[in-house]
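Hi,

Here is the structure I promised to pass on. Have a look when you get a minute, and my notes on the charged pairs are underneath.

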Amino acid sequence: MLDVRGLTKHFQLGNGLFGAGGGTVRAVDDVSFSIAPGETFGLVGESGCGKTTVGRCVLRLIEPTAGSVFIDGEDLVGLGRDALRRRRRDMQIIFQDPFASLNPRMRVRDILEEPLVIHGAGAKPARRQRVRELLDEVGLASDAGERYPHEFSGGQRQRIGIARALALKPRLIVADEPVSALDVSVQAQIVNLLQDLQREHGLTYLFISHGLAVVEHISTQVGVMYLGRMAEIAPARDLYSGPLHPYTRALLSAIPNPDPDQRRERIVLAGDVPTPLNPPSGCRFRTRCPVAEPQCAEVEPQLVEIAPAHRVACHVAARTQAS
């Protein structure tokens with residue numbers, strides 16, 4: 001369904017007060033992954049690692065610097081304006097903040113109808129019927145369409161955002177941290193809703209989050225990003241049971257364990273995340289890595305398949321697994 005190859009996004013800073021002499025922010029560097037139809041690819045990592053930039057580049061909400069994004073074999077990066085507009089029916093986004101992403105001056109029915117109007121999907125009676133169907137699908141009463149976003153709770157507003165993403169019956173949805181702004185109890189409801197909708201409509205998700213427990217619950221496959229690069233990609237079960245990259249191990253060690261009798265070794269990383277303006281040479285994680293070697297500063301590791309569908313970008317992990 002989705003095949004991302006060598007995706008790169010660099011932001012050029014200008015000279016002046018805020019540009020601080022210029023430079024290039026290497027937000028995303030040579031990221032590749034694929035998602036099969038009906039599956040969920042979880043993309044995780046610390047804040048600022050480039051997750052959201054990947055999602056927006058996939059949808060061409062921002063233009064990639066290099067790379068290709070194939071949907072059903074068609075490269076979105078090469079599409080012109082009209083062709084991209086037609087293709088947008090197949091791909092939608094759920095934003096992180098369910099309040100900021102909804103127009104406070106529009107009734108919910110108009111928010112949900114707007115994508116249908118823009119793409120000329122049916123006459124007004126058919127569009128209004130579609131709005132009622134969407135509200136029912138996400139668990140909201142039909143009269144919710146007459147109200148404004150501020151009249152709903154955070155979880156209900158996110159349901160509205162999900163309904164809007166479903167309006168054009170897309171096949172791919174980029175969910176950009178869709179539950180991080182919600183209470184924990186509401187997070188579970190929204191994740192369950194997303195899974196129900198996936199089963200019902202055969203949706204494919206790119207699920208971006210820093211909530212590792214949520215990603216484990218919903219994902220088929222997981223990719224771990226660090227400072228614009230992909231560190232590890234594996235089926236969710238394999239990654240959580242046997243992480244190979246030192247960064248992945250550190251992230252998983254931070255997941256709270258509800259069982260007080262089971263103690264997990266906490267891996268605390270030293271130092272701060274380097275700036276993408278001037279990333280370290282070689283492996284970008286080496287400045288914080290507890291097992292870094294001289295080679296790590298000289299040669300940038302590439303993703304190597306260690307086990308079926310399990311790839312890691314780490315010299316030490318690759319050598320250890322090979323032996």
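**Salt bridges**

One of the residues that caught my eye is R87, which counts as buried at 12% relative accessibility. Bear in mind throughout that this is a predicted model.

A search over the whole structure turns up 21 salt bridges, and R87 takes part in some of them. Its partner D72 has its closest N and O atoms 3.8 Å from those of R87. D72 sits in the loop between β4 (66-71) and β5 (74-75) while R87 belongs to helix α2 (residues 81-87), so this contact ties together parts that are 15 residues apart in sequence. R87 also forms a salt bridge with D90, and there the closest N and O atoms are 2.9 Å apart. Both acidic partners are partly exposed: D72 has a relative accessible area of 43%, and D90 has 21%. The D90 value clears the 20% cut-off for buried, so D90 is classed as partly exposed.

Further along the chain, R284 and E300 meet through their side chains in a salt bridge (3.9 Å, N to O). This pair links distant parts of the chain, 16 residues apart: R284 is in the loop between α9 (246-253) and α10 (294-298), and E300 is in the loop between α10 and β11 (304-307). R284 is buried, at 5% relative accessibility, whereas E300 is partly exposed at 31%.

Which residues join R284 and E300 in one network of salt bridges that share partners? They are R26, D29, D30 and R229.

Cheers

Key. Residues numbered from 1 in each chain as written. Predicted model: local features only at pLDDT ≥ 70, side-chain atom pairs only at ≥ 80, totals over all residues. Heavy atoms only, no water. Salt bridge = Lys/Arg side-chain N within 4 Å of Asp/Glu carboxyl O. Helix = DSSP H or I, 4+ residues; strand = E, 2+ residues; numbered from the N terminus. Buried < 20%, exposed > 50% of the residue type's maximum accessible area, 1.4 Å probe, protein only.
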